[in-house]
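Me: I'd like a close look at one part of this model, with enough of its surroundings to place it. Could you take me through it in one connected answer?

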Amino acid sequence: MFDAVLLAVLLINIAAVFAFWSDKRRAIAGERRISEATLLKLALLGGSPGALVARQVFRHKTRKEPFSTRLLLIVAVQAGVGIGLLVL
């Protein structure tokens, strides 16, 4: 069970990194973009570490508001839940 959860989290983080990279590439090329809602959904599903890393590595959506605030709120809630689960 733990292995399946770990694999799922790894895959969603890879998907988040790929989505940020792809959106950055599309932005540079002037092509149709990946919606912010989709990027935030990937973070909400557990891809927030990948999203945070991708933002810095690709320098993408680092100053975009309210996207940045929403992403950081997702990270804060997930961190709180994670800490809560460790304490219980």
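What share of the contacts in the protein chain with a separation of 6 or more comes from residues 24 or more positions apart? And with that in hand, please look closely at phenylalanine 20 and the residues it is in contact with.

Reply: Happy to. Please keep in mind that this is a predicted model. Among contacts in the protein chain with a separation of 6 or more, 63% are between residues 24 or more positions apart. The chain has three helices and zero strands, so read from the N terminus the order is simply α-α-α. Along the principal axes, its C-alpha atoms fill a box of roughly 50 × 25 × 20 Å. Of the 88 residues, 28% are buried, and the accessible surface comes to about 6100 Å², with 70% of that belonging to carbon and sulfur atoms.

Now to phenylalanine 20 itself. The largest nonpolar core has 14 residues, and Phe20 is one of the four that touch the most other members, together with Leu39, Phe67 and Leu71. Helix H1 (2-29), helix H2 (36-58) and H3 each supply at least two residues of this core. The largest share, six residues, comes from H2.

If we set aside neighbours within four places in sequence, phenylalanine 20 is in contact with Leu39, Ala51, Ala54, Arg55, Phe58, His60 and Phe67. Two names on that list, Leu39 and Phe67, are also among the core residues that touch the most other members.

His60 deserves a stop of its own. Histidine 60 is found in the loop between H2 and H3, yet it counts as buried because its relative accessibility is 5%, and the cut-off for buried is under 20%. Again leaving out neighbours within four places, histidine 60 is in contact with Phe20, Asp23, Lys24, Arg33 and Arg55. Arg55 is thus a contact of both phenylalanine 20 and histidine 60.

For a second view of helix H1, try isoleucine 12, which lies in that helix. Isoleucine 12 counts as buried at 16% relative accessibility. Apart from residues up to four places away in sequence, it touches Leu42, Leu45, Gly46 and Gly47. The C-alpha atoms of isoleucine 12 and glycine 46 are separated by 6.5 Å, although the two are 34 residues apart along the chain.

Helix H1 also holds a pair of aromatic residues worth a look. There are two aromatic pairs in the count. In one of them, the ring centres of phenylalanine 18 and tryptophan 21 are 5.5 Å apart and the planes meet at 40 degrees, so the pair is tilted. Both residues lie in helix H1, three residues apart, which is about one turn of the helix. Phenylalanine 18 is exposed, with a relative accessible area of 51%, while tryptophan 21 is partly exposed at 37%.

Finally, a glance at the other end of the chain. Leu73, Val77, Val81, Leu85 and Leu88 make a nonpolar surface patch of about 570 Å². Leucine 88 is found in the segment after helix H3 (67-87), and it is exposed, with a relative accessible area of 85%.

To come back to your request: phenylalanine 20 is among the residues that touch the most other members of the largest nonpolar core, and one of its contacts is His60, a buried residue in the loop between H2 and H3.

Terms used:
Residues are numbered from 1 along each chain as its sequence is written. This is a predicted model: local features need pLDDT of at least 70, side-chain atom pairs count only at pLDDT 80 or more; totals for chains, interfaces and linings use all residues. Side-chain values use heavy atoms; hydrogens and water are left out. Patches are made of residues with over 30% relative accessible area and no salt bridge: like charges are joined within 9 Å, nonpolar side chains (Val, Leu, Ile, Met, Phe, Trp, Tyr) within 5 Å. Accessible areas come from the Shrake-Rupley method with a 1.4 Å probe; for residues, only the protein chains shown count as cover. A salt bridge is a side-chain nitrogen of Lys or Arg within 4 Å of a carboxyl oxygen of Asp or Glu. Helices (H or I, at least four residues) and strands (E, at least two) are DSSP runs, numbered from the N terminus. Buried means under 20% relative accessible area, exposed over 50%, partly exposed in between (1.4 Å probe, protein chains only). A nonpolar core is a set of buried Ala, Val, Leu, Ile, Met, Phe, Trp, Tyr and Cys residues joined through side-chain atoms within 4.5 Å. Contact means heavy atoms within 4.5 Å. Rings of Phe, Tyr and Trp (its six-membered ring) pair if their centres lie within 6.5 Å; planes under 30 degrees apart count as stacked, over 60 as edge-to-face and the rest as tilted.
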